[in-house]
Amino acid sequence: MRLRGFFGIFILLVTAVLAVLLYNAFRAASFYLFLAAETLSGIAAAYLIVFYHRIIKPLQIIGDGMELLKEQDFGSRLRRVGQPEADRVVDIFNRMMEQLKNERLHIREQNQFMDLLIHASPLGVVILNFDERIVSANPAACKLFDLDLPEKIIGKSLKELDRPLASELIQIERNSSQVLRLSDANVYKCTHLSFIDKGFPHPFYLIETLTEEVFKAEKKAYEKVIRMIAHEVNNTTAGIASILDTLQSMENSKELNSILQIATERCYSMSRFISGFAEVVRIPEPQFREQDLNALVASCKHFMEMICRNHDIQIQMELSEKPLIVSIDSLLFEQVLVNIIKNSAEAIGQSGCVYIRTAHLPPSIEIADTGKGIDKETESKLFTPFFSTKPHGQGLGLMFIREVLLKHFCTFSLRTYPDGLTRFKIIFLSHGARGRSEKYLV
């Protein structure tokens, strides 16, 4: 518009000059002067027309093209004006617009494909901005953080999520991977990377669940080892015990008989010890029946109350008002509850309290104790085969608990909270959600 304005002013000036010349020629009544003025007017008009078509109009078209670029209208094209230099510029501009359109379409298709891929991926994907706040998270990541809607995670930092997994992610250095085992027995491979956007690096996390694969590999390994050791030890102790019984039945001195008796008892003790390991491998498949979990908890409390009372430990229950009906194998699950309460009492030692709570939404049970607590290093080793915090423990209790709870399609966690209580939380999944990929995290 500015160029066209200047050109209009130029036309007005030329017209004014020509008008003055014609006026002077008319007043002087000079035929030659009038003819010269008319000729000059025709030449000026022809020049202005050529100037407009060759200079002004091409520049105007190029200006329109710049407006198209400014508005990012890559679908429109410029029209040729019949002037070779201008038409070459128009052709280059149109080819550039066509290429930009194709590039933009290609990028849009790629972005759409990446969005669909990330949305459907079983890997958790969390993208952060420069302020370390979450700007994007796919459904898999929301489930890992126990959040059903992305809106609940967007805009927050990992620290604000207050989840064990989020706390561990913060510790991972950029451009590195780490396998994490949390207090809920889940195992994750987490990778901290970054991508360049507008010249700046954006950090993001990839979270892969390895729980099932690790559990299967661990179970396959320790089952093989336990069976082999149990076979060899039982065969050996059985032979030694038979020989010792024979020697003990002969007429020997009391001192020798006492030694033989001790040796025989040690053989049977060793046999029982290795049989305890073998029992972990031979946990029967649960016989599911609908049971009232509150009634089962009350029964376990009566069973453990006397043992706890001897150490000045109280058991307090806070059960749901209505019966809590769950599908379980009552015999196996009772053993789980007894083991957990026993571990809580041992963690307290002397004088303390064990709290047992049940709830409906979701169906769950929580057993808390006032013991010394579990440190972060120990949390990462819980539920691993043969790990125990007790001086003479074999790690069978938590192994048994883990296997039974997994067979019951439960999710669980064991950790010490900021209030000082160590909580063992168990959540029962619905029939439609049974599977490690559709789980509650606690």
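Two strands are taken to pair if DSSP finds at least two bridges between them. In the predicted model described here, strand E10 (residues 364–369) and strand E12 (residues 422–428) meet this condition, as 6 bridges join them and the two run antiparallel. Aspartate 369 stands opposite threonine 422 in E12, and isoleucine 367 stands opposite phenylalanine 424 in the same pair of strands, E10 and E12.

The protein chain as a whole contains 11 helices and 12 strands. It has 442 residues, of which 36% count as buried. Among the contacts in the chain with a separation of 6 or more, 57% are between residues 24 or more positions apart. The exposed area comes to about 26800 Å², and carbon and sulfur atoms supply 59% of that area.

The pair E10 and E12 belongs to an open sheet of 5 strands, in the order E7-E9-E10-E12-E11, with mixed pairing. Strand E7 (313–318) and strand E11 (410–416) stand at the edges; each has a single partner strand, so one side of each is left without a neighbour in the sheet. From one strand to the next, the twist of this sheet averages 10°. In general, the strands of a sheet pair through backbone hydrogen bonds, either parallel or antiparallel.

On its other side, E10 pairs with E9, as the strand order shows. Here too 6 bridges are found, and E9 and E10 run antiparallel. Tyrosine 355 stands opposite alanine 368 in E10. The two strands E9 and E10 form a hairpin, with 4 residues between them.

Strand E10 was also examined for burial. A residue counts as buried when its relative accessible area is under 20%. By this criterion 6 of the 6 residues of E10 are buried, so the strand is largely enclosed by the rest of the structure. In a regular strand the side chains alternate between the two faces of the sheet. In E10, Ser364, Glu366 and Ala368 point one way, while Ile365, Ile367 and Asp369 point the other way; all of them are buried.

Two helices are described in relation to this sheet. Helix H9 (residues 330–348) packs on the sheet and touches E7, strand E9 (352–359), E10, E11 and E12. The direction of H9 makes about 20° with that of E10. Helix H11 (residues 396–407) lies across E11 and E12, and runs at about 145° to E11.

Helix H9 has 19 residues and reaches 27 Å from its first C-alpha to its last, which is close to the 27 Å expected at 1.5 Å a residue. Several of its residues are buried, including Leu332, Phe333, Val336, Leu337 and Val338. Further along H9, the buried residues include Ile340, Ile341, Ser344, Ala345 and Ile348. At the N-terminal end, H9 is capped by aspartate 329, a side-chain oxygen of which lies 3.1 Å from the backbone nitrogen of leucine 331. Beyond the other end, H9 is followed by glycine 349, whose phi is positive, near 85°.

A further open sheet of 5 strands has the order E2-E1-E5-E4-E3, and its pairing is antiparallel. Its edge strands are strand E2 (134–137) and strand E3 (176–181), each of which pairs on one side only. The twist in this sheet averages 25° from one strand to the next. Within it, 10 bridges join strand E4 (residues 187–197) to strand E5 (residues 200–209), and these strands run antiparallel. Aspartate 197 stands opposite phenylalanine 200 in E5.

Two single residues were considered in addition. Arginine 181 is placed in strand E3. With a relative accessible area of 17%, arginine 181 is buried, because buried means under 20%. Leaving aside its neighbours within four places in sequence, arginine 181 is in contact with Asn186, Val187, Val214, Phe215 and Glu218, among others. Its contacts also include Glu379, Ser380, Leu382, Phe383, Thr384 and Arg402.

Serine 327 lies in strand E8 (residues 325–328). Its relative accessible area is 21%, so serine 327 counts as partly exposed. The C-alpha atoms of serine 327 and glutamine 291 are separated by 6.2 Å, although the two residues are 36 residues apart along the chain.

Note on methods. Residues numbered from 1 in each chain as written. Predicted model: local features only at pLDDT ≥ 70, side-chain atom pairs only at ≥ 80, totals over all residues. Heavy atoms only, no water. Buried < 20%, exposed > 50% of the residue type's maximum accessible area, 1.4 Å probe, protein only. Contact = heavy atoms within 4.5 Å. Areas by Shrake-Rupley, 256 points an atom, 1.4 Å probe, with all protein chains shown as cover. Axes fitted to C-alpha atoms, helices over the stretch in contact; angles between N-to-C directions. Expected span 1.5 Å × (residues − 1). Polar contact = N/O pair within 3.5 Å; in protein donor to acceptor, adjacent residues only side chain to side chain.
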